[in-house]
Amino acid sequence: MLEVQNLKASMRGQVIEPADADYDSARKVYNGMIDRKPRLIARCADVSDVMAAIRFARENELLVSIRSGGHNAGGLGVCDDGLVIDVSPMRYTHVDPKSSTVRVGSGCTWADVDHATHAFGLAVPSGIISTTGVGGLTLGGGLGHLTRRYGLTVDNLLAADLVLADGSYVTANEWQHEDLFWAIRGGGGNFGVVTSFVFKAHPVHTNFGGPMLWELNQAPKILDWYRTYIKEAPDVMNGFFAFLTVPPGPPFPEHLHMRKMCGIVWCYTGDLEMADDAFRPIREMFPPALDLCGPIPHPVMQSMFDPIYPAGLQWYWKADFVNEISDAAIERHVQHGSALPNMFSTMHLYPINGAASRVGNSDTAWSYRDATWAQVIVGVEPDPAKRDVVIDWARSYWADLHPHSAGGAYVNFMMEEGDDRVKASYRDNYGRLAAVKARYDPTNFFRVNQNVRPAQAAAGV
Ligand SMILES: Cc1cc2nc3c(=O)[nH]c(=O)nc-3n(C[C@H](O)[C@H](O)[C@H](O)COP(=O)(O)OP(=O)(O)OC[C@H]3O[C@@H](n4cnc5c(N)ncnc54)[C@H](O)[C@@H]3O)c2cc1C
């Protein structure tokens, strides 16, 4: 029998039980495919609440999941029959313009951070949908429009405060708990509940960016050009390749509505005066069917795709890292990209070279610095009855492209895919991660995640 009143008495935030009116909305995550039923949801208002929730879970031997933005594809923010530590109420930002840093409560979304930093002409590298949580995106790595210019989100993480499995509170940075700081830069939610992050921000205000789209029959030529171009492009030029369906509304012209196309979503962060020169070669070589590339304030760029993807759709992801895109891979891409099952499903190739590749494979837990792209095939469907269609499409696309990949995948683009996939994603860094896990979480208390199992030999170090 759980003494839930004890937890309620020790927390400022709300504790939600199955009988409560808001239980069903509180257990929902972004992916509508996930339907988990926790015993309790602890909405933590501060660090003290997180400590109380961890203590309660330990005393009652409850399974624990950690939730920030709730965007994880596999639904790893929520668990069945356990306690959800929901940090979303811890939503604050503090920008220090003198040091170009920002402290971020772990309940923030990236929209919160972009809003706060933009006023100072600053930005932190993050993802391409601003409703995503800072917590999960950061701890898994974080890639998006600024990756080639300023690296992954973790490359801009200066410090994090965490409550560990034993209830203690630590700050991890370059000179305190360095091993933990190494591990949380890519190792996900394996090591403790992060309550706040400190990031380095960069002078980014108005980009020159947006989508450039071409007819599908141009895809082989565009991919052929892109695979070479992006390897040699200056860091100020970011561009991810996509197969997509044109949404049926503004700003897209009516004659393209619902047309399957290929495209590159650009984000140029160099001198705006030089932007037209930078884009001239591609515009002249392959005149796009639609060119929405122009000056765009950074927070607008960051939230450009938000309206297409409201919470609650069915999502199924398959991912890989990619070193080279061969002619054979291009052929497979075009075949599956031409068969997008609906308007929401897509395939993205995110470049992870440029600044992100100048960090060593073992400098942080994120081990694939030598790969050129993080590829993600995303089946998205509003109707739960049709979810198998997008699952089948994503699986067969992935199965055909996987032999052309580098092996592992970006953990934040994976569903729950088992130990071997997690190991393949961390490669040589897995052993060190397991040792750090053994030191900070020897009983694998935090295991609802892309799980790193504690190394036996290192336990208790
Ligand atoms: C629409 C969409 C777009 C996306 N675009 C991008 C993108 O452009 N770039 C990119 O890199 N990723 C992207 N992602 C993937 C995203 O990084 C992951 O889904 C990530 O897990 C989301 O973080 P969250 O906090 O919202 O998730 P949650 O579901 O809340 O958490 C996911 C996991 O992260 C860990 N975690 C979260 N918060 C904490 C915390 N405070 N302390 C410790 N552990 C924690 C836990 O293990 C938890 O299970 C996207 C996802 C979606 C759904």
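A salt bridge here means a side-chain nitrogen of Lys or Arg within 4 Å of a carboxyl oxygen of Asp or Glu. With that in hand, look at K318, D320, E417 and R421: salt bridges link them in a network. Keep in mind that this is a predicted model. In total, the structure holds 25 salt bridges.

Here are three of the pairs:

| Salt bridge | Closest N to O |
|---|---|
| D112 and R91 | 2.7 Å |
| D224 and R227 | 2.6 Å |
| D370 and R427 | 2.7 Å |

Take D112 and R91 to begin with. D112 sits in helix α4 (residues 110–118) and R91 in the loop between β4 (83–86) and β5 (93–96), so their salt bridge ties together parts that are 21 residues apart in sequence.

The D370 and R427 pair links distant parts of the chain, 57 residues apart. D370 is in the loop between β18 (346–351) and β19 (373–381), while R427 is in the loop between α13 (419–426) and α14 (430–440). Both ends are partly exposed: D370 has a relative accessible area of 46%, and R427 has 30%.

D224 and R227 stay within helix α8, three residues apart, or about one turn of the helix. An α-helix has 3.6 residues a turn, so residues three or four places apart point the same way. D224 is partly exposed at 38% relative accessible area, whereas R227 counts as buried at 17%, because the cut-off for buried is under 20%.

What about α8 itself? Its buried residues are A219, I222, L223, W225, Y226, R227 and I230. At Y226, α8 bends by about 25 degrees. The helix has 14 residues (219–232), so at 1.5 Å a residue it should span 20 Å, and its end C-alpha atoms are indeed 20 Å apart.

Conventions:
Residues numbered from 1 in each chain as written. Predicted model: local features only at pLDDT ≥ 70, side-chain atom pairs only at ≥ 80, totals over all residues. Heavy atoms only, no water. Helix = DSSP H or I, 4+ residues; strand = E, 2+ residues; numbered from the N terminus. Expected span 1.5 Å × (residues − 1). Bend = angle between axes of the 7 residues up to and from the residue. Buried < 20%, exposed > 50% of the residue type's maximum accessible area, 1.4 Å probe, protein only.
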